[in-house]
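Student: I'm new to this one. Could you show me how to read charged pairs and helices in it?

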Amino acid sequence: MRENARVTSSDRGDYQELVDEISELLGAPATLENRNFELIAFGAYDSEGDLDPSALDPVRTRSILTRRSTSAVRHWFEGFGITRATGPVRIPRTPEAGVYRGRICLPVRHRGVVLGYVWLLDYDPGPTEQQLAAAMLVTGRIGALLADEAQHGADLTRELRAVLTAEPGWPRDMAVAELRTALGVRADGPHTVVCVAPWPSADPDDAPSVRTLPGARALCAIPWGGGTSHALKAVGDTQQSLVLLVGLRSTDTLTPAVSAATRLLERAAAPGPPGGAGRTTAGSARGGAGAGQAARPEGGTGAGSGGAAQDAAAGRDGGPGRSTGGGSHGGVAAGIAAARTGLAGLGTAWAEASAAARAALAEPRLGPVAQWAAIGPYRLLTSLPPEAAHDPALHALLSPAHRELARTAEVYLDCAGQAGRTAAELGIHRQTLYYRLSRVEQLTGLDLDDGEDRLLLHMALKAARL
């Protein structure tokens with residue numbers, strides 16, 4: 001097995017032990033974050049003063065609860081020179097910023113590069129110079145671990161991308177073998193694939209850390225539409241998707257994948273470049289500045305920013321179908337493949353996750369996180385070639401002039417042809433419904449009393465969303 005494959009045994013427990021060691025050395029609870037201010041671990045030091053809720057400020061509390069910080073927090077703390085420091089940095093209390101207690105920041109470096117920060121609340125009389133020097137030695141061990149993990153993660157990124165972009169057959173088999181070698185014994189366990197699309201950045205540095213996502217094994221960004229099916233290629237290669245390989249406890253539950261997908265959606269929907277200083281969404285996976293969330297107003301979360309886009313995509317403004325208000329985060333959705341054991345079906349799992357994400361974007365009620373097993377007819381529709389969505393019988397119905405008729409037809413078919421249910425859902429009189437349905441028949445030449453004509457109309461309306 002390759003040298004960097006041994007790093008797989010270094011998990012979050014290693015960081016926790018080192019943070020606990022620093023907490024014991026300094027007599028105060030410490031937190032560890034990477035250089036993007038993503039929370040990695042925090043120490044639980046049994047000190048009566050630090051367990052007093054009144055001793056905690058909003059910044060630290062939200063840091064631990066939300067595992068991330070805002071750009072305001074990041075810029076504020078970086079303003080004290082922590083990115084350049086080689087030793088402890090003391091930061092004074094600033095109540096107006098939500099920092100009710102001072103901080104001590106221990107930069108985590110490896111070969112001259114800052115890779116993270118250890119934070120602790122300052123106290124009186126505070127740690128001695130000898131204690132801080134001993135703690136800095138521990139940060140050196142943390143830095144080496146972070147550096148090794150970063151190198152390992154980069155390798156897994158390349159190998160996962162190679163599997164997903166390789167042609168079926170021998171090239172993909174070779175790529176899977178490389179990924180299996182890198183994962184070691186974890187390769188034979190249960191897993192699934194998560195696809196978040198469209199991911200708002202093609203920059204690898206904008207991708208989140210695998211360590212901050214529950215159960216994550218590897219992730220990579222590939223062109224959105226880079227799958228092997230006709231339907232995926234139809235999307236085009238102008239956008240990116242973020243693909244995550246998630247380990248599971250068993251094939252019976254996808255909970256870790258759902259958690260990871262939710263965090264990625266929050267990150268993708270937040271203002272600013274993903275992974276950069278501009279991330280401000282509350283409640284995602286990023287760590288909290290040792291410091292934590294700023295008390296300054298954020299102006300709301302990014303997760304709710306997609307309403308207008310969802311309306312347009314779902315037909316509220318005349319699209320082909322209805323919406324029930326679920327949908328994507330700012331035009332971004334996530335798909336989760338069926339659970340599998342081993343890596344042999346990784347290409348199929350990627351296609352399923354991509355299809356589920358496309359279904360969530362097309363049908364907001366399925367999202368923002370859609371599982372392959374729950375997308376119904378879209379399992380079939382996403383595998384069809386793009387021309388299948390353009391049946392000539394629907395050409396006139398799908399024109400902008402007849403959007404409301406298309407919506408009426410889809411709701412009617414979704415309601416199994418029950419006029420009462422359809423009229424109630426659309427909020428119209430039955431006679432109005434009957435008039436619209438007659439117009440649909442005139443425009444399409446289809447007979448809504450004929451089962452096959454109904455099937456054609458229903459599937460074509462669904463396919464039009466994709």
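Tutor: Sure, and keep in mind that this is a predicted model. Let's begin with Lys462, which forms a salt bridge with Glu410, their closest N and O atoms being 2.8 Å apart.

Student: Which parts of the chain does that pair tie together?

Tutor: Lys462 lies in helix α15 and Glu410 in helix α12 (residues 403-414), so the pair ties together parts that are 52 residues apart in sequence. Both Lys462 and Glu410 are buried.

Student: What's the general idea behind such pairs?

Tutor: Side chains of opposite charge can pair when their charged atoms come close. Here, Lys462 also forms a salt bridge with Glu363, with 3.3 Å between the closest N and O atoms. Glu363 sits in the loop between α10 (346-362) and β11 (369-371), so this pair links parts 99 residues apart in sequence.

Student: Is Glu363 buried or exposed?

Tutor: Glu363 has 1% relative accessibility, so it counts as buried. Glu363 forms a salt bridge with Arg365 too, at 3.8 Å between the closest N and O atoms, and Arg365 is partly exposed, at 40% relative accessible area.

Student: How many salt bridges does the whole structure have?

Tutor: A search finds 11.

Student: And how do I read a helix?

Tutor: An α-helix has 3.6 residues a turn, so residues three or four places apart point the same way. In α15 (residues 451-465), the buried residues include Asp453, Leu457 and Leu461. The helix reaches 22 Å from its first C-alpha to its last, close to the 21 Å expected. At its start, a side-chain oxygen of Asp450 comes to within 3.1 Å of the backbone nitrogen of Glu452.

Technical notes:
Residues are numbered from 1 along each chain as its sequence is written. This is a predicted model: local features need pLDDT of at least 70, side-chain atom pairs count only at pLDDT 80 or more; totals for chains, interfaces and linings use all residues. Side-chain values use heavy atoms; hydrogens and water are left out. Helices (H or I, at least four residues) and strands (E, at least two) are DSSP runs, numbered from the N terminus. The expected span of a helix is 1.5 Å times one less than its number of residues. Buried means under 20% relative accessible area, exposed over 50%, partly exposed in between (1.4 Å probe, protein chains only). A polar contact is a pair of N or O atoms within 3.5 Å; within protein, one must be able to donate a hydrogen and the other to accept it, and residues adjacent in sequence count only if both atoms are side-chain atoms. A salt bridge is a side-chain nitrogen of Lys or Arg within 4 Å of a carboxyl oxygen of Asp or Glu.
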